[in-house]
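Work through the exercises below with the sequence and the model at hand. Each task is followed by a solution in steps.

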Amino acid sequence: MMNRRLLGLFAHPDDESRIVGGVLAKYASEGAKVSLVVATRGEAGSCGEPPLCTLEDLPRVRERELREACAVLGVTDLTILEYRDGTLATVDRSKFIGHLVAAIRRVRPHIILTFGPEGRTLHPDHIVIHEAATAAFSLAADPGAYPELRQFPHATPKLYYTTFPQSLVDAIQWSFPGQPDNEITIALDIRPWIGQKKRATNEAHRTQAHDQPFANLPEDERWRALSTEYFFLAATQGIARSNQEDDLFDGIEA
Ligand SMILES: [Zn+2]
């Protein structure tokens, strides 16, 4: 069995559980090394309803929740960058990308997962990490980029964006953009890992559990809709591109 490595690049604690919790748990359970970089501690989020902590304690509480979620999902390598929640659009972009390049060169993943251009919910931090991760995917492979990091370059074979098919968005009257169904590269059925995704979302990220995706749907329908995770293959490096995939690691030899 090859040593498969997957790296998620996200903005806030809970993005990983809500959006790709099933896929992280799936590949971890199949023996892949699953790494995660989260840019902020989510301190602009809610303290919970009713509040479970003070605002002052929220960064520490959310970091603890994130670590619990990682344990539930099987993420064994977590990096939290020292950015403030809600500020990513104003930070030094080159330096921010440098942190992601450093993570990519250290982890040397086969696959990077991040937000699509709509940032799932149009959250500015989500859109910034989408842009920065896309830049870092290429720059990490460029020996002339960020030489001060003193790391070997790494060409990650595949960059995927998380997405939702427009048909689902329409069916559930989701208020954020979807992607045309025929553009979606892969729809992964994550039902075997839905228990882990639920536990990470509801029980680990307790302060955020009152406000969840597809809240307009009845609970069973919500989790049915969240039982498939959709991805768009945005870019490849050093491998042939296929538009017909059954698995994120398809086409990768390691
Ligand atoms: Zn977020």
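**Exercise 1. The zinc site**

Task: In this predicted model, decide whether D15 is buried or exposed, and find which residues are the protein donors of the zinc ion.

Solution.
Step 1. The cut-off for a buried residue is under 20% relative accessible area. D15 has 4% relative accessibility, so D15 counts as buried.
Step 2. The protein donors of the zinc ion are H12 through ND1, D15 through OD and H126 through NE2, at 2.0 to 2.1 Å from the ion.
Step 3. Along the sequence these donor residues follow the spacing H-x2-D-x110-H. D15 and H126 therefore link distant parts of the chain: D15 belongs to helix α1 (residues 15-29), H126 belongs to helix α5 (residues 124-139), and 111 residues separate them.
Step 4. Apply the cut-off to H126 as well. Its relative accessible area is 5%, so H126 is buried.

**Exercise 2. The largest pocket**

Task: State which residues lie nearest the centre of the largest pocket, and which helix gives the most to its lining.

Solution.
Step 1. The volume of the largest pocket is about 500 Å³.
Step 2. Its lining consists of 24 residues, and D14, R18, T121, H126 and D211 lie nearest the centre. One of these, H126, is also a donor of the zinc ion.
Step 3. Sort the lining by element. Helices α1 and α4 (119-122) each supply at least two lining residues. α1 gives the most, with three residues.

**Exercise 3. The order of the sheet**

Task: Write down the order of the strands in the open sheet and say which strands stand at its edges.

Solution.
Step 1. The sheet has seven strands with mixed pairing, in the order β3-β2-β1-β4-β5-β7-β6.
Step 2. The edge strands are β3 (77-83) and β6 (186-189). Each has a single partner strand, so one side of each lacks a neighbour in the sheet.
Step 3. Ignoring direction, neighbouring strands are turned against each other by 25 degrees on average.
Step 4. Add the helix that packs on this sheet. Helix α3 (residues 93-107) touches β1 (5-10), β2 (33-40), β3 and β4 (111-115), and its direction makes about 165 degrees with that of β3.

**Exercise 4. Strands β4 and β5**

Task: Trace the pairing of β4 and β5, and explain why each strand counts as largely enclosed.

Solution.
Step 1. β1 and β4 run parallel and are joined by three bridges. Within this pairing, L7 has I112 in β4 as its bridge partner.
Step 2. β4 and β5 also run parallel, joined by five bridges. I112 stands opposite L159 in β5, and T114 stands opposite Y161 in β5.
Step 3. β5 (residues 158-163) pairs with β7 (residues 228-236) in the antiparallel sense, over six bridges. Here K158 stands opposite T236, while T162 stands opposite F231.
Step 4. Count the buried residues. In β4 they are five of five, so β4 is largely enclosed by the rest of the structure. In β5 they are six of six, so β5 is largely enclosed too.
Step 5. Sort the side chains of β5 by direction. In a regular strand, side chains alternate between the two faces of the sheet. K158, Y160 and T162 point one way, L159, Y161 and T163 point the other way, and all are buried.

**Exercise 5. A residue of α3**

Task: Find which residues A103 touches, not counting residues up to four places away in sequence.

Solution.
Step 1. A103 lies in helix α3.
Step 2. Its relative accessibility is 6%, so A103 counts as buried.
Step 3. With the sequence neighbours left out, A103 touches L7 and V37.

**Exercise 6. Backbone exceptions in the loops**

Task: Locate the cis peptide bond that ends at P50, and decide whether R150 and F214 are buried or exposed.

Solution.
Step 1. The peptide bond from E49 to P50 is cis, with omega near -5 degrees. P50 sits in the loop between β2 and α2 (58-73).
Step 2. R150 is not a glycine, yet it has a positive phi of about 55 degrees. This residue lies in the loop between α5 and β5.
Step 3. F214, also not a glycine, has a positive phi of about 65 degrees. The loop between α7 (194-204) and α8 (219-225) holds F214.
Step 4. Exposed means over 50% relative accessible area. R150 has 78% relative accessibility, so R150 counts as exposed. F214 has a relative accessible area of 1%, so F214 is buried.

Definitions and conventions
Residues numbered from 1 in each chain as written. Predicted model: local features only at pLDDT ≥ 70, side-chain atom pairs only at ≥ 80, totals over all residues. Heavy atoms only, no water. Donors = N, O, S within 2.8 Å, 3.2 Å for Na, K, Ca; no water. Helix = DSSP H or I, 4+ residues; strand = E, 2+ residues; numbered from the N terminus. Buried < 20%, exposed > 50% of the residue type's maximum accessible area, 1.4 Å probe, protein only. Pairing = 2+ DSSP bridges. Axes fitted to C-alpha atoms, helices over the stretch in contact; angles between N-to-C directions. Contact = heavy atoms within 4.5 Å. 1 Å grid on protein atoms, 1.4 Å probe; cavity = no way out; pocket = protein on both sides within 12 Å on 5 of 7 lines; lining within 4 Å. Points joined across faces, edges and corners; volume = space filled by probe spheres on them.
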